[in-house]
Amino acid sequence: MPPRSFYMLATALLSSVLVSPVAGQLYTDCNPLNATCPVDPALGTAHTFYFNATPPTGTFNTTAGTVDYSADQGAAFTINKKGESPTLISNFYFFFGRTEVLLKAASGTGIISSIVWSSDVLDEVDWEFLGGNATHASTNYFGKGQPDFHNAGYHPVNGGVQDDYHNYTCVWTKDKLEWYIDTELIRTLLPKDANNTLNYPQTPMKLSLGIWAGGDPDQPKGTIEWAGGVTDYSRPYTMYVKSARVEDFSTGKEYSYGDHSGSWESIKIASGNSTAFENINRQPEKSLSEKWNDLPSSTKAGVYAAAGGVGALLFIALAFYYIKQRRRGKQEAALLAQRQEQERVELERFKKEGRNPDALAFDGAEYNAKDGTATTTYALDSPPGSAAGPPEKAWDPTGSGAGGAAMPLLRDDAMSPRLANSGPGFAGSPPQFPAPTPSSPVNPSFSPSNAPGRMGSPGAQNGGYGVPRMNSLGSNHGPGSPGSPGAGYGPYGGYGGAR
């Protein structure tokens, strides 16, 4: 390899290790080389994950984008825009083991499809597929995060990496690490060849499957050159994974580091079933039909009987409600028929008497505030002498018998006692009330008992108006009628005291 090309590749590999997790997919929350870290949950078994549906709960996390699942193509990892790098990361670790991934790489300049193992001390094993190279797959490894640039290898793939699915397998023990393409061994790493075992991957690993843009304009220049150029985000880029088989060569519940050396001898294994093992082997929730089919015949018979009893009770309740409503409806119909019959009889009576029911008026007095007069109307069907009709012999001061005229309630002329007798005590002559003349506006049908009353006028109570009283003339007045006032009636020739 020319020195210039080697330098560019070395720079790119260094950038891929040191860039962010979205780009390089390599990170650790706690490095046991420097600190005492939490335990790593073990896989402790072997399992094939088929990505025609979402993986079992608790086995993988999805980061930096969305992963879609289909029966035909498996998991689809798609970059639709800048900043996306959808990745599945296992929640479990395996300590020496084997993975087989059935994958079809994405095309596109600067796009990287990848299968990555990584540990808490930054041991790493890679498969990488450059979108600008449709014929080769790249293998790589790192130990303790050290940027050793002599580790990459490129391998031709029959049929290409972007047109079909291929099986990419790694088998890992403390003695060697092997890479296979479609069951063909293409590379072997021995511990002595990895910086005399120092950089040999040897600590518990987790599995990541993902796609990222090494050609993103924000990446370092060396990374962009290694990825094949700048990525164009005008179209989507998709990597597909049908399945991933993961086998943990160790059995146990969890892994922990006994010291800060980062060697495989320092790893401690806790016995028991792992959380991943329990999640994988947990029986899926049964449907209602499956639960029903699992019930014994006696239980089904009891359910049928109970359902029948409940149905009978509901039927009885509905029948009772129906009967009750029918009775109520009959009662309401009878009352309605009775009212209709009453109205019919009353209407017939009106017809026989020759009266129009629509011409009936209400009883009462109507007061005209403009001229101070009141008129009384009576119900047309009320006979004379009744409480609602006119008196049998209404007072007619004019003798004309004409109706419809209104008598003033108050006088406001020179004959008004209010104007003729002013001042304290009404010292002058008693007020005079001339007898009504034929020209006086008298309403022979006016009944003073129905007229509005007025409280007594203010002034001295001696020689003038009496104590406060209702200004009512009584209920039956007329010339010569009992109780009718004559000339000069009252103690002072005017209205007397309260009576």
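**Exercise 1. A salt bridge inside one helix**

Is Arg349 buried, partly exposed or exposed, going by its relative accessibility? Then work out where its salt-bridge partner sits.

*Solution.* Keep in mind that you're working with a predicted model.

- Step 1: Look up the value for Arg349, which is 39% relative accessibility. Buried means under 20% and exposed means over 50%, so Arg349 counts as partly exposed.
- Step 2: Find the partner. Arg349 makes a salt bridge with Glu353, and the closest N and O atoms are 3.5 Å apart.
- Step 3: Check the partner in the same way. Glu353 has 43% relative accessibility, so it counts as partly exposed.
- Step 4: Place the pair. Both Arg349 and Glu353 belong to helix 6 (residues 297-353), and they are 4 residues apart, about one turn of the helix.

**Exercise 2. Two more salt bridges**

Take the Lys144–Asp123 and Glu178–Lys176 salt bridges and sort each side chain by burial.

*Solution.*

- Step 1: Start with Lys144 and Asp123, whose side chains meet at 3.5 Å, N to O.
- Step 2: Locate them. Lys144 is in the loop between strand 10 (136-142) and strand 11 (153-156), while Asp123 is in the loop between strand 8 (111-119) and strand 9 (124-130). They're 21 residues apart, so this pair links distant parts of the chain.
- Step 3: Sort them. Lys144 has a relative accessible area of 14%, so it is buried. Asp123 comes in at 0%, so it is buried as well.
- Step 4: Now go to Glu178 and Lys176, where the N to O distance is 3.0 Å. Glu178 is buried at 9%, whereas Lys176 is partly exposed at 35%.
- Step 5: Step back. The structure has 9 salt bridges by this count, and Lys82, Asp216 and Asp218 are linked in a network of them.

**Exercise 3. Rings around Phe96**

Which kinds of aromatic pair does Phe96 form with Phe95 and with Trp264?

*Solution.*

- Step 1: Know what to look for. A pair of aromatic rings is described by the distance of the centres and the angle of the planes.
- Step 2: The structure holds 15 aromatic pairs. One of them is Phe95 with Phe96, at 4.7 Å centre to centre and 25° between the planes, which is stacked. Phe95 and Phe96 are both buried.
- Step 3: For Phe96 and Trp264, the centres are 6.4 Å apart and the planes are at 65°, so this pair is edge-to-face.
- Step 4: Phe96 is in the loop between strand 6 (87-90) and strand 7 (97-104), and Trp264 is in the loop between strand 17 (254-257) and strand 18 (267-270), 168 residues apart.
- Step 5: Compare burial. Phe96 has a relative accessible area of 8%, so it is buried; Trp264 is at 30%, so it counts as partly exposed.
- Step 6: Widen the view. One aromatic cluster includes Phe94, Phe95, Phe96 and Trp264.

**Exercise 4. Strand 6 and its neighbours**

Which strands pair with strand 6, and which way do its side chains point?

*Solution.*

- Step 1: Strand 3 (residues 60-63) pairs with strand 6 in the antiparallel sense over 4 bridges. Here Thr63 stands opposite Thr87.
- Step 2: Strand 15 (residues 205-213) also runs antiparallel to strand 6, joined by 3 bridges. Ile89 stands opposite Ser208 there.
- Step 3: In a regular strand the side chains alternate between the two faces of the sheet.
- Step 4: Now check strand 6. Thr87 and Ile89 point one way, Leu88 and Ser90 the other way, and all are buried.

Technical notes
Residues are numbered from 1 along each chain as its sequence is written. This is a predicted model: local features need pLDDT of at least 70, side-chain atom pairs count only at pLDDT 80 or more; totals for chains, interfaces and linings use all residues. Side-chain values use heavy atoms; hydrogens and water are left out. Rings of Phe, Tyr and Trp (its six-membered ring) pair if their centres lie within 6.5 Å; planes under 30 degrees apart count as stacked, over 60 as edge-to-face and the rest as tilted. Buried means under 20% relative accessible area, exposed over 50%, partly exposed in between (1.4 Å probe, protein chains only). Helices (H or I, at least four residues) and strands (E, at least two) are DSSP runs, numbered from the N terminus. Two strands pair if DSSP finds at least two bridges between them. A salt bridge is a side-chain nitrogen of Lys or Arg within 4 Å of a carboxyl oxygen of Asp or Glu.
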